[in-house]
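Thanks for sharing this one with me. My comments follow as numbered points, to be read with the structure open beside them.

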Amino acid sequence: MIGAVLEVLAFAATVLLFVIVSTAAWVGALVLVGAVRFVRCENCNHLTMVHVRSIANTCMWCRHEYVMHPLHSIHEHAPHASHRG
Ligand SMILES: [Zn+2]
């Protein structure tokens, strides 16, 4: 029983390691061929990857705020009753 659990855990760890390494290899390849560049986001100062021809130096979370953080953006951009009038 424990052997089977360890086998599953070893398989999961192998898959996870493969995903991490292949992602790093693809990102490195994209940087090498000049398709993307790393910049600091102008809004939140996170290190982010943007397309080389992109003018805006903002991260995915700041560009697509309503998609990535819908509840937070609704709260941030909601009109406050106390500020009116
Ligand atoms: Zn940002």
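1. Which pattern does the protein chain follow when read along the sequence? The answer is α-β-β-α-α-α, made up of 4 helices and 2 strands. Please keep in mind throughout that this is a predicted model.

2. On overall dimensions, the C-alpha atoms fill a box of roughly 70 × 40 × 15 Å along the principal axes. The radius of gyration of the protein chain is 21 Å, whereas a compact globule of 85 residues would come out near 12 Å. Burial is worth a look too: 4% of the 85 residues count as buried.

3. The domain assignment divides the protein chain into domain 1 (1-33) and domain 2 (36-85). Their C-alpha centres lie 30 Å apart. As for contacts with a separation of 6 or more, residues 24 or more positions apart account for 0% of them.

4. Helix 1 covers residues 2-32. Its 31 residues should span 45 Å at 1.5 Å a residue, and the end C-alpha atoms are indeed 45 Å apart, so the expected and modelled spans agree. Is helix 1 buried or in the open? The number of buried residues among its 31 is 0, so helix 1 lies largely in the open. After helix 1 comes G34, which has a positive phi near 85 degrees.

5. Next, the hairpin. Strand 1 (residues 36-40) and strand 2 (residues 47-51) run antiparallel and are joined by 5 bridges. If you want a pair to check on screen, R37 stands opposite V50 in strand 2. Between the two strands there are 6 residues, and in this hairpin N45 takes a positive phi near 70 degrees.

6. Finally, a residue I would like to point out is R40, which is found in strand 1. Leaving aside residues up to four places away in sequence, R40 touches N45 and L47; N45 is the hairpin residue with the positive phi, and strand 2 is the one covering residues 47-51. How far apart are R40 and T58 in space? Their C-alpha atoms are 7.4 Å apart, with their positions 18 residues apart in sequence. Why does R40 count as partly exposed? There are 13 other C-beta atoms within 10 Å of its own, and a residue is exposed at 12 or fewer but buried at 20 or more, so R40 falls in between.

Methods
Residues are numbered from 1 along each chain as its sequence is written. This is a predicted model: local features need pLDDT of at least 70, side-chain atom pairs count only at pLDDT 80 or more; totals for chains, interfaces and linings use all residues. Two residues are in contact if their C-beta atoms, placed from the backbone, lie within 7 Å. Domain bounds come from an automatic or database domain assignment. The radius of gyration is taken over C-alpha atoms; the globule rule is 2.2 Å times the number of residues to the power 0.38. The expected span of a helix is 1.5 Å times one less than its number of residues. Two strands pair if DSSP finds at least two bridges between them.
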